[in-house]
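Could you walk me through the aromatic rings, the enclosed space and one of the helices in this model? Here is a guided read, so keep the viewer open.

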Amino acid sequence: MEMQKIFLGKTSLQISPLGIGTWAWGDKFFWDYGHGYGEHDLEQAFRISVAAGVNFFDTAEAYGMGRSERILGRLVAEDKSLVVATKFFPYPWRWRGKDLLRALRSSLARLKMSQVHLYQLHWPFPPVSIETWAEALAWAAESGQTLAVGVSNYNREQMLRAYEVLQRHNLPLASNQLPYHLLDRRVEFNGLLKTCQELGVTLIAYSPLAQGMLSGKYTWQNPPPGVRGRRYSRSYLRKIQPLIEGLKQIGEALGGKTPAQVALNWVMAKGAVPIPGAKNAQQAQENIGALGWRLDEAQVAMFDQLSTQVHR
């Protein structure tokens with residue numbers, strides 16, 4: 001059965017309700033690309049995802065210093081039906097609108113595409129104003145180099161400023177990409193998720209498994225390796241265990257769903273589009289297992305309560 005697609009914001013682009021984030025594709029600093037996984041593993045993850053109906057892939061020029069875009073470009077060249085998103089990074093030496101257009105052309109060259117489906121502002125960093133970059137996004141769309149435009153890591157006020165600029169160009173703001181998962185629900189508490197839904201802006205949830213913390217494979221006795229191990233303390237890992245146990249219990253009651261699959265389904269039940277990473281075939285298969293079913297209201301409420309306890 002073909003996977004049901006959803007519209008990306010108020011655009012005509014139709015995407016799978018779960019996409020794949022490619023931050024780890026080529027990133028050596030944070031994800032240690034080349035040790036434990038390589039391009040062959042990524043190709044397997046890609047093919048398994050596409051075969052299951054996943055058609056949305058998100059990358060950025062900053063991921064692996066362009067390596068992620070190159071890897072994804074080689075893979076998507078075989079299938080024109082896929083929806084590809086990438087991002088512009090506002091480095092401090094970039095301060096003119098035409099710098100965004102130049103960066104987009106470089107991204108397109110790495111992706112081997114003449115037009116990207118979604119082009120996003122990666123961060124709202126100063127000193128260049130949000131309005132300047134939003135105007136440049138509009139130019140990118142008007143030039144035909146991107147079909148849709150979005151932002152990433154923008155708070156409510158910043159998103160509204162970009163939205164208003166694009167409205168003057170009769171261009172919808174398609175998306176806002178933000179961290180959103182059971183261990184980080186700020187977009188709910190500060191009203192940003194609700195504003196996105198009111199405006200018809202798709203909230204794309206990156207790191208929806210909290211960089212693996214919701215996968216169930218890490219405990220305070222077995223912390224994650226590398227940078228993530230320094231970011232999440234043993235005491236924090238101990239604190240989230242009741243939530244992890246809840247994910248395991250509901251997953252078992254649902255016929256053997258994993259904690260990761262339940263956590264991803266929770267994000268979708270909230271009306272957001274999760275983009276978990278997939279470094280190998282196993283991770284791709286696990287992501288796919290989050291599709292085709294839905295947590296009920298009582299289960300969602302239970303996880304809301306468990307996650308709230310973590311933040312106390």
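Start with Phe-89, Tyr-91, Trp-93, Trp-123 and Phe-125, which together make one aromatic cluster. Before going on, note that this is a predicted model, where local features need pLDDT of at least 70, side-chain atom pairs count only at pLDDT 80 or more, and totals for chains, interfaces and linings use all residues. Residues are numbered from 1 along each chain as its sequence is written, and side-chain values use heavy atoms, with hydrogens and water left out.

Now for the ring pairs. Rings of Phe, Tyr and Trp (its six-membered ring) pair if their centres lie within 6.5 Å; planes under 30 degrees apart are called stacked, over 60 edge-to-face, and the rest tilted. By that test the structure holds 12 aromatic pairs. One of them joins Tyr-33 and Tyr-37 edge-to-face, at 5.4 Å centre to centre with 75 degrees between the planes. Another, Tyr-91 with Trp-93, is stacked, with 4.7 Å between centres and 5 degrees between planes.

How do these rings sit with respect to solvent? Buried means under 20% relative accessible area, exposed over 50%, and partly exposed in between (1.4 Å probe, protein chains only). Tyr-33 comes out buried at 11%, and Tyr-37 is buried too, at 5%. In the stacked pair, Tyr-91 is buried because its relative accessible area is 19%, while Trp-93 counts as exposed because its value is 58%.

Tyr-91 turns up again in the lining of the largest cavity, along with Pro-90, Pro-92, Arg-94, Phe-125, Pro-126, Pro-127, Val-128 and Trp-133. A cavity here is a set of points on a 1 Å grid over the protein atoms alone where a 1.4 Å probe fits but cannot get out; lining residues have an atom within 4 Å of a point. The largest cavity has a volume of about 40 Å³, a volume being the space filled by probe spheres set on the points. The count is 1 cavity of 30 Å³ or more.

Finally, look at helix 10, residues 241-253 (helices are DSSP runs of H or I, at least four residues, numbered from the N terminus). Its 13 residues reach 18 Å from first C-alpha to last, close to the 18 Å expected at 1.5 Å a residue, where the expected span is 1.5 Å times one less than the number of residues. Its buried residues include Leu-243, Ile-244, Leu-247 and Ile-250. The buried residues of helix 10 pack against helix 9 (234-239), helix 11 (259-269) and helix 13 (297-310), with contact meaning heavy atoms within 4.5 Å. Just after helix 10, Gly-255 takes a positive phi of about 95 degrees.

Terms used:
1 Å grid on protein atoms, 1.4 Å probe; cavity = no way out; pocket = protein on both sides within 12 Å on 5 of 7 lines; lining within 4 Å. Helix = DSSP H or I, 4+ residues; strand = E, 2+ residues; numbered from the N terminus.
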